[in-house]
Structures are given as C-alpha cells and as structure tokens.
Amino acid sequence: MQVRQALALVMVTITVTAVLSLAFAPISLFFLLTAFSYSFYKILNVAILTMTAFVGLKFLTGGMHALNAHTAAAAAAKRA
C-alpha cells in the first residue's frame, strides 16, 4: 500500500464522517429549538456523532481491507 492510497482513504473517511454529521444538523437544530431538556439535547448530539464516527470507522476498515486484498493479489500475480 502506498502512502498516497492510505492518505486518500483517510481523507475520504473524514469527508464521509463530516457529510453525515452535516446531514444530521437539521435534526439537531430542530431539537435545540423544541426540546426543553438540555441533557436530552447533549445525549442526542453524542449519539449522532457516535453513529457517524462508527460509520466512518466502518468505511475506513472496509477500504483498508480492500486495499490490502488488492495489494496481496498484485504481489501474488507478480510472483507467479
């Protein structure tokens, strides 16, 4: 795996996480305006950010597995 590939994968993962967080912003804003409990609002935001972090982490691990499989296949083809 090259450094450029790993850096591109990390940057795409950050982008996916940021876009998902941005997609949940209207929901968070709605509850900020309508909810009376600040504790509920904090827990909601922690849940949203935790979920987006897990999706980003899943994307990163899946991409790393795909890159490693591609690199291993290329190395096996080169040896043969």
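Here is a friendly exchange about the helices of this predicted model.

Colleague: Happy to start with the helices: how do α2 and α3 run relative to each other, roughly parallel or roughly antiparallel?

Modeller: Helix α2 covers residues 25–34 and helix α3 covers residues 38–79, and their axes lie 10 Å apart. The two pack at an angle of about 175°. Angles over 145 degrees count as roughly antiparallel, so α2 relative to α3 is roughly antiparallel.

Colleague: Thanks! Which class of residue, nonpolar, polar or charged, is absent from the contact of α2 with α3?

Modeller: From α2, the contact uses Ser28, Phe31 and Leu32. From α3, Phe40, Tyr41, Leu44 and Asn45 take part. By class there are five nonpolar and two polar residues, and the class with no members is charged.

Colleague: Let's look at Ser28. Is Ser28 buried or exposed?

Modeller: Ser28 sits in helix α2. Its relative accessibility is 9%. Buried means under 20%, so Ser28 counts as buried.

Colleague: And which residue does the side chain of Ser28 make a polar contact with?

Modeller: Not counting residues up to four places away in sequence, Ser28 touches Tyr41 and Asn45. Both of these belong to the α3 side of the helix contact. The side-chain to side-chain polar contact, at 2.8 Å, is with Asn45.

Colleague: Staying with Asn45, how far is its C-alpha atom from that of Ala25?

Modeller: Ala25 lies in helix α2 and counts as partly exposed, at 35% relative accessibility. Ala25 and Asn45 are 20 residues apart along the chain. Their C-alpha atoms are separated by 9.3 Å.

Colleague: What about Leu49 and Leu29: how far apart are they in space, C-alpha to C-alpha?

Modeller: Leu49 is in helix α3 and is exposed, with a relative accessible area of 51%. In sequence, Leu49 and Leu29 are 20 residues apart. In space, C-alpha to C-alpha, the separation is 14 Å.

Colleague: Now for α3 as a whole. How far does α3 reach from its first C-alpha to its last?

Modeller: Helix α3 has 42 residues. At 1.5 Å a residue, the expected span is 62 Å. The model comes close to that, with a reach of 61 Å.

Colleague: Which helices do the buried residues of α3 pack against?

Modeller: The buried residues of α3 are Tyr41, Leu44, Ile48, Thr52, Gly56, Gly63 and Leu67. Tyr41 and Leu44 also appear in the contact with α2. The partners of the buried set are α1 (3–23) and α2.

Colleague: One last one, on α1: which residues is Thr13 in contact with, leaving aside its neighbours within four places in sequence?

Modeller: Thr13 is placed in helix α1 and counts as buried, at 9% relative accessibility. One of its contacts, Gly56, is listed among the buried residues of α3. The full set is Gly56, Phe59 and Leu60.

Definitions and conventions: Residues are numbered from 1 along each chain as its sequence is written. This is a predicted model: local features need pLDDT of at least 70, side-chain atom pairs count only at pLDDT 80 or more; totals for chains, interfaces and linings use all residues. Side-chain values use heavy atoms; hydrogens and water are left out. Axes are lines fitted to C-alpha atoms, for helices over the stretch in contact, and angles run from 0 to 180 degrees between N-to-C directions. Helices (H or I, at least four residues) and strands (E, at least two) are DSSP runs, numbered from the N terminus. Angles under 35 degrees count as roughly parallel, over 145 as roughly antiparallel, 65 to 115 as roughly perpendicular and the rest as oblique. Contact means heavy atoms within 4.5 Å. Ala, Val, Leu, Ile, Met, Phe, Trp, Tyr, Cys and Pro count as nonpolar, Asp, Glu, Lys and Arg as charged, and the others, Gly among them, as polar. Buried means under 20% relative accessible area, exposed over 50%, partly exposed in between (1.4 Å probe, protein chains only). A polar contact is a pair of N or O atoms within 3.5 Å; within protein, one must be able to donate a hydrogen and the other to accept it, and residues adjacent in sequence count only if both atoms are side-chain atoms. The expected span of a helix is 1.5 Å times one less than its number of residues.
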